[in-house]
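I opened the notebook to record what I looked up in this structure. The entries follow in the order in which I made them.

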Amino acid sequence: AIDMTMDDLEAPVWPKVVGVTSIVWAALNTGCMGCGMAGLLMTSLMGSSMQNAFPDGMPPTLQHPPITIWVNYVLGFGLALFLITSGIVLLLRKPIARPMHLLYGGTAIVLATVGILAGWQMQSEINEWCQLHPDTAYAKQAVSGQAFQWIGLAIGAVLGFGWPTFCLIWFGAVKRDSQEIARGVEMLV
């Protein structure tokens, strides 16, 4: 009979695949969060030029976005940086990568839920303002781009829930032994 210990087995390939995917996903989210914050900041800072572009008015929620949106972007940006770190730790085959990915997954689901709800609320306020002021230049322009706003929320939902859900399932139900991450690592060196 052949007696093999866990250390005699080959190192699993999945930590590299999941680690790289985490880093890529996080980089994408970092860009999305950065662009979102920049868009809000530009709208807020360009008040006078926005008033020139829409002299008959625009939705107040665009001029002063809800604090929930700002907080969500900042926390989401920080969480994306945490996921980059988690991905690197997984590539280094450290067992701590499993609880890091579980923490990321749970936190990201909560942030995505809050973000989608806040975005939905903000979009509803914009739509309500446009219905109350249909003859304004902003309302006329918004009608043509309304579908894209909802598509943006849908894309946000996919980005917000996709990888975090995978991480929760993968590390919470499939790969429940943190030590499996480091298995065979001495053979790689």
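Entry 1, charges. I counted 8 positive and 11 negative side chains in the protein. I then looked up the centres of the two sets, and they lie 5 Å apart. I note here that the model is a predicted one.

Entry 2, surface. I looked up the exposed area of the protein and found about 10,800 Å². Carbon and sulfur atoms supply 70% of that area. I also checked burial: of the 189 residues, 35% are buried.

Entry 3, elements. I found seven helices and zero strands. Read from the N terminus, the order is α-α-α-α-α-α-α. The radius of gyration came out at 22 Å, while the globule rule gives 16 Å for 189 residues, so the protein is more spread out than a compact globule. I also looked up the box that the C-alpha atoms fill, and along the principal axes it is roughly 85 × 25 × 25 Å.

Entry 4, contacts. I took the contacts between residues at least 6 apart in sequence. Of these, 84% join residues at least 24 apart.

Entry 5, one residue. Where is Arg93 found? I located Arg93 in the loop between helix 4 (67-91) and helix 5 (97-132). I looked up the phi of Arg93 and noted a positive value, near 60°. Most residues other than glycine have a negative phi. Is Arg93 buried or exposed? The relative accessible area of Arg93 is 10%, and buried means under 20%, so I entered Arg93 as buried.

Definitions and conventions
Residues are numbered from 1 along each chain as its sequence is written. This is a predicted model: local features need pLDDT of at least 70, side-chain atom pairs count only at pLDDT 80 or more; totals for chains, interfaces and linings use all residues. Side-chain values use heavy atoms; hydrogens and water are left out. Helices (H or I, at least four residues) and strands (E, at least two) are DSSP runs, numbered from the N terminus. Buried means under 20% relative accessible area, exposed over 50%, partly exposed in between (1.4 Å probe, protein chains only). The radius of gyration is taken over C-alpha atoms; the globule rule is 2.2 Å times the number of residues to the power 0.38. Contact means heavy atoms within 4.5 Å. Accessible areas come from the Shrake-Rupley method with a 1.4 Å probe; for residues, only the protein chains shown count as cover. Lys and Arg count as positive and Asp and Glu as negative; His and the chain ends are not counted. The place of a charge is taken as NZ of Lys, CZ of Arg, CG of Asp or CD of Glu.
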